[in-house]
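Here are my notes on the model you sent over. They run from the chain as a whole to single residues.

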Amino acid sequence: MSNPTAAMLVIGDEILSGRTLDSNTNYLAKELTEHGIDLREVRVVSDDATAIVSAVQALSNAFDHVFTSGGIGPTHDDITADCIAEAFGASIDVRDDARALLAAHYERQGSELNEARLRMARIPEGAALIDNPVSVAPGFILGNVHVMAGVPSVFKAMVATVMPTLTGGAPLLSQTLRVDRGEGDIAGPLGLLAKDYPELSLGSYPFQKDGKYGSNIVIRGQDNAQIEAALARLASEMGV
């Protein structure tokens with residue numbers, strides 16, 4: 001049986017402008033791989049409602065799980081919650097349990113739960129909250145879409161909350177072999193190996209060091225015995 005599939009939707013003009021480096025995708029990819037969920041697609045969209053709604057609907061229909069990051073804060077350009085609600089045809093309003101979490105948090109801080117902060121308690125109807133142990137303001141799950149903050153520390157905490165609730169498959173294993181030859185020299189044997197091991201994924205990642213060309217060959221799969229056999233054959237053929 002194949003593993004469950006997933007997609008990630010990264011939301012924010014700051015990512016597309018290059019002002020902010022997206023580290024959440026890398027983190028999520030590693031967590032999903034360990035959990036046996038195959039991340040198949042990543043999209044980055046601007047703070048544009050039409051683009052967000054369209055992407056959410058497309059990814060939700062194509063994959064078992066969708067994870068979003070960004071756009072659930074207190075400012076005017078944080079429109080993700082509204083877009084998720086629209087994508088699913090759900091109403092959205094301030095929810096009592098989310099309001100209570102924020103009210104208690106800001107009372108402890110001696111701060112006011114003003115109108116801007118209250119925006120973070122607006123949750124689509126039918127959604128389940130995602131715990132946020134870092135800054136309290138919750139994410140949420142609607143359908144198969146997991147809506148999380150863009151701040152990396154908060155995103156990681158929300159992933160830690162969600163991951164144990166998901167059913168995964170077999171973790172993806174990998175082995176790497178360094179070959180000090182150019183890709184043009186190894187392409188033929190590598191292609192034959194890939195043909196003989198169709199259940200494995202073989203990738204070539206070239207490098208240049210001290211004027212010499214080489215490649216790191218990564219073999220991925222769910223059967224460690226197959227990976228070891230393919231790696232041994234490749235090492236023998238490459239004289240490594």
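A term first: a cavity is a set of grid points where a 1.4 Å probe fits but cannot get out, and its lining residues have an atom within 4 Å of a point. Keep in mind throughout that this is a predicted model.

1. **The enclosed space.** The count comes to one cavity of 30 Å³ or more. The largest cavity holds about 100 Å³ of space. Its lining has 13 residues, and Ile-72, Ala-81, Arg-119, Met-120 and Arg-122 lie nearest its centre. By class, this lining has six nonpolar, three polar and four charged residues.

2. **Who supplies the cavity wall.** Helix 4 (80-88) and strand 5 (122-124) each give at least two residues to the lining of the largest cavity. Which element gives the most to that lining? Helix 4 does, with three residues.

3. **Helix 4 itself.** The buried residues of helix 4 are Thr-80, Ala-81, Cys-83, Ile-84, Ala-85 and Ala-87. One of these, Ala-81, is also among the residues nearest the centre of the largest cavity. Just after helix 4 comes Gly-89, with a positive phi of about 65 degrees.

4. **The chain overall.** The chain has nine helices and eleven strands. Its C-alpha trace spans about 70 × 40 × 35 Å along the principal axes. Of its 240 residues, 39% are buried. The chain exposes about 12,400 Å², and carbon and sulfur atoms supply 50% of that area. Take the contacts in the chain with a separation of 6 or more: residues 24 or more positions apart account for 69% of them.

5. **The main core.** In soluble globular proteins, nonpolar side chains tend to be buried together. Here the largest nonpolar core has 47 residues. Leu-28, Phe-67, Phe-140 and Met-148 have the most contacts inside this core. Strand 1 (residues 5-11) gives the largest share of the core, six residues.

6. **Leu-28 up close.** What does Leu-28 touch, once neighbours within four places in sequence are set aside? Its contacts are Met-8, Phe-67, Phe-155, Val-159 and Met-163. Phe-67 also appears with Leu-28 among the residues with the most contacts inside the largest core.

7. **A second core.** A separate core of 15 residues is also present. Its members include Leu-200, Ile-227, Ala-230 and Leu-234.

8. **Ile-217.** This residue sits in strand 11. Is Ile-217 buried or exposed? At 1% relative accessibility, against a cut-off of under 20%, Ile-217 counts as buried. Neighbours within four places in sequence aside, Ile-217 is in contact with Gln-175, Thr-176, Leu-177, Val-179, Ile-186, Leu-190, Gly-203, Ser-204 and Leu-234. The last of these, Leu-234, belongs to the second core. Ile-217 and Glu-107 are 110 residues apart in sequence and 55 Å apart in space, C-alpha to C-alpha.

9. **The largest pocket.** This pocket has a volume of about 520 Å³. It is lined by 30 residues, with Gly-70, Gly-71, Ala-149, Gly-150 and Val-151 nearest its centre. Strand 1, helix 1 (13-16) and helix 7 (152-162) are the elements that give two or more residues to this lining. By class, the lining has 13 nonpolar, twelve polar and five charged residues. Strand 1 thus appears on two counts: in this lining and in the largest core.

10. **The second largest pocket.** About 170 Å³ of space lies here. The lining is Asn-3, Asp-38, Leu-172, Glu-199, Leu-200, Ser-201, Arg-220, Gly-221, Gln-222, Asp-223 and Gln-226. Two of these residues are nonpolar, five polar and four charged. Leu-200 is one of the lining residues and is also in the second core.

11. **Two positive phi angles outside glycine.** Val-136 has a positive phi of about 75 degrees although it is not a glycine. Val-136 lies in the loop between strand 6 (128-130) and strand 7 (139-142). Asp-210, also not a glycine, has a positive phi of about 55 degrees. Its place is the loop between strand 10 (201-209) and strand 11 (212-221).

12. **How those two loop residues sit.** Val-136 is buried, with a relative accessible area of 15%. Asp-210 is exposed, with a relative accessible area of 73%.

Key: Residues numbered from 1 in each chain as written. Predicted model: local features only at pLDDT ≥ 70, side-chain atom pairs only at ≥ 80, totals over all residues. Heavy atoms only, no water. Core = buried A, V, L, I, M, F, W, Y, C linked by side-chain atoms within 4.5 Å. Buried < 20%, exposed > 50% of the residue type's maximum accessible area, 1.4 Å probe, protein only. Helix = DSSP H or I, 4+ residues; strand = E, 2+ residues; numbered from the N terminus. Contact = heavy atoms within 4.5 Å. 1 Å grid on protein atoms, 1.4 Å probe; cavity = no way out; pocket = protein on both sides within 12 Å on 5 of 7 lines; lining within 4 Å. Points joined across faces, edges and corners; volume = space filled by probe spheres on them. Nonpolar A, V, L, I, M, F, W, Y, C, P; charged D, E, K, R; others polar. Areas by Shrake-Rupley, 256 points an atom, 1.4 Å probe, with all protein chains shown as cover.
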